[in-house]
Amino acid sequence: MSVKGVKGAVKQPRLEPAQGMDSVGDTLQRLRESFSAGRTRPAEFRVTQLKGLGRFLRDNKQLLQEALARDLRKSAFEADISEFLMCQMEVTLALKNLHTWMKDEPATKNLLMLLSSTFIRKEPFGLVLIITPWNYPLNLSLVPLVGALAAGNCVVLKPSEISTSTEKVLTEVLPQYLDQSCFAVMLGGPEETGQLLEHKFDYIFFTGSPRVGRIVMTAAAKHLTPITLELGGKNPCYVDDNCDPETVANRVAFFRYFNTGQTCVAPDYVLCSPEMQERLLPALQSTIARFFGEDPQSSPNLGRIINDKHFQRLQGLLGCGRVAIGGQSDQSDRYIAPTVLVDVQETEPVMQEEIFGPILPIVNVRSLDEAIDFINRREKPLALYAFSKSNKVVNEMLDRTSSGTFGSNDGFTYLTLPSLPLGGVGNSGMGRYHGKFSFNTFSHHRACLLSPPGLEKLNDIHYPPYPDWKQRLVRWSLGPQSCTLL
């Protein structure tokens with residue numbers, strides 16, 4: 001099986017472990033033996049691994065910044081706020097709360113279980129596979145890794161081969177900070193990832209496109225392996241007529257062009273009336289010039305497209321509709337200017353696929369109802385945004401649509417809050433993570449009932465025969481009025 005097209009994946013050399021000369025099978029067996037021996041279960045071991053991740057981030061910040069700059073021309077500040085700080089925040093949160101997260105969770109009892117102990121134990125799944133993309137190659141590798149290690153799993157990390165410089169650091173440096181009897185990095189491209197997926201894992205966490213997500217899910221189904229799919233899609237952004245166009249332009253442009261538009265939760269297209277479009281276009285033009293200067297190609301705040309394949313794909317999308325702002329490109333520099341398209345038809349390619357670049361189509365609708373209908377006719381998006389001064393409009397959009405996440409009058413700043421989960425619905429994915437949600441994702445929640453070995457006379461009520469008095473007593477004991485005891 002070949003996993004082609006993991007955000008534009010290309011074939012790489014044979015899949016092999018990053019450290020040592022042992023085979024993939026040997027590496028997986030080594031990790032399984034470590035887990036079976038209980039090495040990863042103690043809280044002290046998990047703390048040591050999390051602290052190792054923290055040291056990796058601190059010790060290698062410059063090295064990682066340079067790698068991100070080579071891969072995506074990502075500025076040091078953008079790398080800081082979207083990669084380093086978020087990873088470090090997750091590590092710090094897990095270290096602070098790990099013992100609380102690990103505690104058994106008491107469960108309510110009924111009268112029949114009055115003398116028993118009932119609780120939920122959070123147990124590690126075992127051997128976990130994390131497959132990560134190239135657009136935020138540090139963040140999207142380490143944030144799920146924090147959850148997997150905190151939950152006590154052994155982990156195989158498969159970073160994207162497309163962000164080659166960051167992959168190299170994750171491959172050669174990260175294992176030095178973790179226990180290599182419980183952690184490994186695997187190299188390879190789509191074909192080799194397919195071969196890796198033929199092995200049995202106890203949990204798979206995948207971030208990438210819906211198309212490849214289906215391939216990964218099919219592979220997981222062969223082993224009945226539970227899975228989280230963090231996918232993408234076309235994220236709508238509705239702009240109401242009562243909005244201030246300058247405010248909307250600032251917020252939409254920031255989140256659309258952040259990381260050169262290569263963000264799975266970025267607003268993918270705008271829905272607004274023709275009248276709002278006329279007000280919004282000059283505001284977007286002014287905002288883009290203020291953010292990136294008159295020559296955005298020379299701006300230190302605008303990155304580059306990841307590779308030639310994606311550049312050519314995006315260049316093709318520039319032919320959709322009519323270019324109202326931007327539209328310039330330079331293949332030798334993998335540069336595409338921040339662009340706004342108008343007069344876009346639903347059937348054009350730019351409205352059929354996730355754009356994943358600095359291109360923003362505007363589609364005209366005449367009303368909120370029409371915008372909601374437009375959204376609901378399509379696959380459920382990973383994110384949905386609504387701009388309006390009216391709480392009624394915002395709440396209608398929230399109540400009458402479905403998406404992985406929702407934001408009003410803002411973009412994806414919610415990603416900075418580990419108290420909120422990130423996850424899709426339908427075509428945009430399944431499962432969730434960030435903060436405690438990551439720990440829960442990588443933990444099996446085991447229902448436990450511990451009953452005393454004696455006191456058998458009390459159990460006589462369970463056993464036949466069942467005279468009327470016993471039937472009444474059992475029904476009463478199992479009734480809703482008794483299911484409140486801890």
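I will go through one helix pair and then the strand pairings of this structure, which, please keep in mind, is a predicted model.

Let me begin with the helices. Helix α4, residues 76-102, and helix α5, residues 139-150, have axes that come within 9 Å and cross at roughly 5°; since angles under 35 degrees count as roughly parallel, α4 and α5 are therefore roughly parallel to each other. On the α4 side the contact is made by S82, E83, M86, C87, E90, V91, A94 and L98, and on the α5 side by N139, L142, V143, V146 and A150. Sorted by class, that contact has nine nonpolar, two polar and two charged residues.

Turning to the strands, β3, residues 117-124, pairs in the antiparallel sense with β2, residues 105-106, over two bridges, and β3 also pairs in the antiparallel sense with β19, residues 443-450, over eight bridges. F119 of β3 appears in both pairings, as the bridge partner of P106 and, towards β19, with C448 as its partner.

Then there is an open sheet of seven strands, with mixed pairing, in the order β11-β14-β15-β10-β9-β16-β17. β11 (322-325) and β17 (405-408) stand at its edges with a single partner strand each, so one side of each is left without a neighbour in the sheet. Neighbouring strands here are turned by 25° against each other on average, direction ignored.

Within this sheet, β9 (residues 236-239) and β10 (residues 269-272) run parallel and are joined by three bridges, with C237 opposite V270 in β10. Helix α12, residues 368-376, packs on the sheet, where it touches β9, β10, β15 and β16, and its direction makes about 150° with that of β10.

Key
Residues numbered from 1 in each chain as written. Predicted model: local features only at pLDDT ≥ 70, side-chain atom pairs only at ≥ 80, totals over all residues. Heavy atoms only, no water. Axes fitted to C-alpha atoms, helices over the stretch in contact; angles between N-to-C directions. Helix = DSSP H or I, 4+ residues; strand = E, 2+ residues; numbered from the N terminus. Parallel < 35°, antiparallel > 145°, perpendicular 65-115°, else oblique. Contact = heavy atoms within 4.5 Å. Nonpolar A, V, L, I, M, F, W, Y, C, P; charged D, E, K, R; others polar. Pairing = 2+ DSSP bridges.
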